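Me: Could you zoom in on one loop for me and then work outwards from there? I'd like the contacts, the strand pairing and the ring packing in one go.

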Amino acid sequence: MADEAQPDPDSLQIPGDHLSAPSSPATARNDCSITPLTPSPSPRVEVRPRMSCPFSVVVAIDFGTTSSGYAFSFTQDSEAIHMMKRWEGGDPGVANQKSPTCLLLTPELKFHSFGFAARDFYHDLDPEEAPHWLYFDKFKMKIHSTSDLTMETELEAVSGRKVRAIEVFAHALHFFREHALKEVKDQSSSVLEGEDIRWVITVPAVWRQPAKQFMREAAYLAGLVSPDCPEQLLIALEPEAASIYCRKLRLHQVLDLSLQPITNGLDLEGSRPFESSFRQAREQLRRSRHSRTFLVESGTGELWSELQTGDRYIVADCGGGTVDLTVHQIEQPQGTLKELYKASGGPYGAVGVDLAFEAMLCQIFGEDFIKSFKAKRPAAWVDLTIAFEARKRTAAPGRANALNISLPFSFIDFYKRQRGQSVEAALRRSNMHIVKWSSQGMLRLTQEAMNELFQPTISNIVKHIEELVAKPELQGVRFLFLVGGFAESPMLQKAVQRAVGRTCRIIIPHDVGLTILKGAVLFGLDPTVVRVRRCPLIYGVGVLNRFVEGRHPRDKLLIKDGREWCTDILDRFVCVDQSVALGEVVKRSYTPARLGQRKIIINIYCSPSEDVTYISDPGVRKCGTITLDLPEPLQLPGAVGGEGGAGGGGPERREIRATMQFGDTEIKVTAVDVMSNRSVRASIDFLAN
């Protein structure tokens, strides 16, 4: 047909995208306005039968800001979760069941190593050679902080060279794929094919759709799964995964902070109960490490026997990059989970303490010196960050003695060469009395200094938890589960206990850093366990409706075929904080603008505010597109002319019915050509710029 030969794609576009003033659509060929054929106010449930898991094994990857790991379970023995092997390398005083999220590329941009291996190799490079290599550390936060994330978004290595972010993430995921496949095959008695494995990747619940899609695209690029089998990959939300695992916990597997007495905001014995409890937990973890297998309850754990229908609890996932809060309710007797309030949180993870330490060094020694030192002495900078990380984990409230941070010799030497004076002189000149100097070559951080480093990040976390607990609709929360790597910090534990310990029980799993990983495996085994979720945003499209004088503004008036229409009206698919269950769908019907049209492109808009009417309102932004690839219309028996006929313009408009699901962790779309009942290839893209 003639339309197919034309260079620009046929599309249905939203009025107002290109028109500066109301005019006839004939003036702009591509502005073929949408009028909704089926206004559908709310999602409706289509009951889907519970399918048996078609996969032999589930592999979950917990891709964290500071550390990452994987675990797996065979579907025939789903109560056993196998943790990854002990990593080569490792840090003193840290349980190395996860590896640092560090990636090293060669000067030719080829993958070299990940984790401890990447960090140690980069550390040992000759200082003259190191700037040619590309070392990435804590790079996950870039995905959260980039507001206009696309496939072309770049990451900057320590050396300053830039690479497409999607390639960096794909390299990391490919590494985990190879590592996990080898271990799964070592433990499997049968021959496994690629399609036998379901993969699960964890992301923060506060991430928006573009970031979730970004991780999916990186997984496709890494070869985890094929884009033709999207159901083989699940995106799991981190606090959800933690919640799924927490409902399996036994009493001996948790630390209950409510059992620690509080006096004037402090427990009676200083920090000792916290430290001793975690020493016991670490010892238990160390003893179980030879097996690497954790058994989970087949039903729900003992804690849940106290819960009654209607009881709710909060999961606070305090990780390296973000704090992620979700509110759940267990539905008895089936044990499924219902989200009661949209996910909240922000970029307030343990990395904030590291950045505060770096800022403190800049204040003492000068920002230009620290920048130069990182670039010219990369190995020594890695040593310094490792030293701080180890000491950071021992920081506890009420600690009397100072924490010593060893400065590498090359730091002391480099400063003297650059500045012509000693490190000790710089410290004296800075007037920073909370940091002392030890003649053994150490910075001595007083309790006041550690408080200063921890406080901004911890204050943000506590503020988020307090605001959530104070919401009228969340009164009567019984439990607060504190999970994620940062939850190991006695500084954070004490602050949370002081803030909300009198209103709810604060529970910390012993293996707190692995809670999300184990929950992600359980989610992969049964993705229907979270039955109801809340929408964080309004989603919808711009449509035309009949213009009503006095109700609609005159600048939205569009005259088309002699009729008056109001443009830019937001036709909502779902609303902010709306409950959407698994299997609930939103249906809309669209009609091609022209005969022979082969593609319909529909812009999707979103807003965090309920108080919006038009796609041009403040806070509303275009966030993605739905693309419907139309098959050639069938010539139905007995039809004269018909829509695809030479005469054009059959008696019926061609109807394409799109079905959208908002109840899963990702938004999905399918479509069908109503007249022929043929599937229409439908895709949803949140990364198109």
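Reply: Once neighbours within four places in sequence are set aside, Q253 is in contact with K248, I508, P509 and H510 (contact means heavy atoms within 4.5 Å). This is a predicted model, where local features need pLDDT of at least 70, side-chain atom pairs count only at pLDDT 80 or more, and totals for chains, interfaces and linings use all residues. Residues are numbered from 1 along each chain as its sequence is written, and side-chain values use heavy atoms, with hydrogens and water left out.

Q253 itself sits in the loop between helix 5 (238-246) and strand 13 (254-256); helices (H or I, at least four residues) and strands (E, at least two) are DSSP runs numbered from the N terminus. Along the chain, Q253 and V512 are 259 residues apart, yet 10.0 Å separates their C-alpha atoms.

Two of those contacts, I508 and P509, lead us to strand 24, which covers residues 505-509. Strand 24 pairs in the parallel sense with strand 23 over three bridges (strands pair if DSSP finds at least two bridges between them), and F481 stands opposite I507 there. Going from strand 23 through helix 13 (residues 490-500) to strand 24 gives a right-handed β-α-β unit; right-handed means that, with the strands pointing away from the viewer, the path from the first strand over the helix to the second runs clockwise.

Strand 23 (residues 477-483) has another parallel partner too: strand 17 (residues 312-318) joins it over six bridges. F481 turns up again here, as the bridge partner of V315. Of the seven residues in strand 23, six are buried, so the strand is largely enclosed by the rest of the structure (buried is under 20% relative accessible area, exposed over 50%, partly exposed in between, with a 1.4 Å probe and protein chains only).

For an antiparallel case, try strand 6 (residues 102-105), whose two faces are both covered: C102 and L104 are buried on one side, L103 and L105 on the other. In a regular strand, side chains alternate between the two faces of the sheet. Strand 6 runs antiparallel to strand 8 (residues 134-137), with four bridges between them, and L105 faces L134 in that pairing. Strand 7 (residues 111-114) is an antiparallel partner of strand 6 as well, over three bridges, with S113 as the bridge partner of L104. Five residues lie between the strands of the hairpin made by strand 6 and strand 7, and L109 takes a positive phi near 70° in it.

One more strand residue to click on is T625, in strand 32 (residues 621-629). With a relative accessibility of 10%, T625 counts as buried. Beyond four places in sequence, its contacts include I601, I604, S683 and D685.

Now the rings. The structure holds 28 aromatic pairs (Phe, Tyr or six-membered Trp rings with centres within 6.5 Å; planes under 30 degrees apart are stacked, over 60 edge-to-face, the rest tilted). F369 and F373 are a stacked one, 6.1 Å centre to centre with 20° between the planes. They sit four residues apart in helix 8 (residues 367-376), about one turn of the helix, and both are buried. F369 also meets Y415: the ring centres are 4.9 Å apart and the planes at 85°, so this pair is edge-to-face. Since Y415 belongs to helix 10 (residues 409-419) and F369 to helix 8, the pair ties together parts that are 46 residues apart in sequence. F369 has a relative accessible area of 1%, and Y415 comes out at 0%. Ring pairs link these residues into a cluster with F365, F373, W381, F411 and F414.

Rings have charged neighbours elsewhere: the charged end of K140 sits over W207, 5.5 Å from the ring centre, and R546 lies over the face of W565 at 5.7 Å. The test is NZ of Lys or CZ of Arg within 6 Å of the ring centre and within 35 degrees of the ring normal.

As for confidence, mean pLDDT (the predictor's confidence in each residue, from 0 to 100) is 81, and 80% of the residues reach 70 or more. Residues 38-42 fall below 50, with five contacts in the model beyond near neighbours in sequence. Residues 45-51 stay under 50 as well, with 11 contacts beyond four places in sequence.
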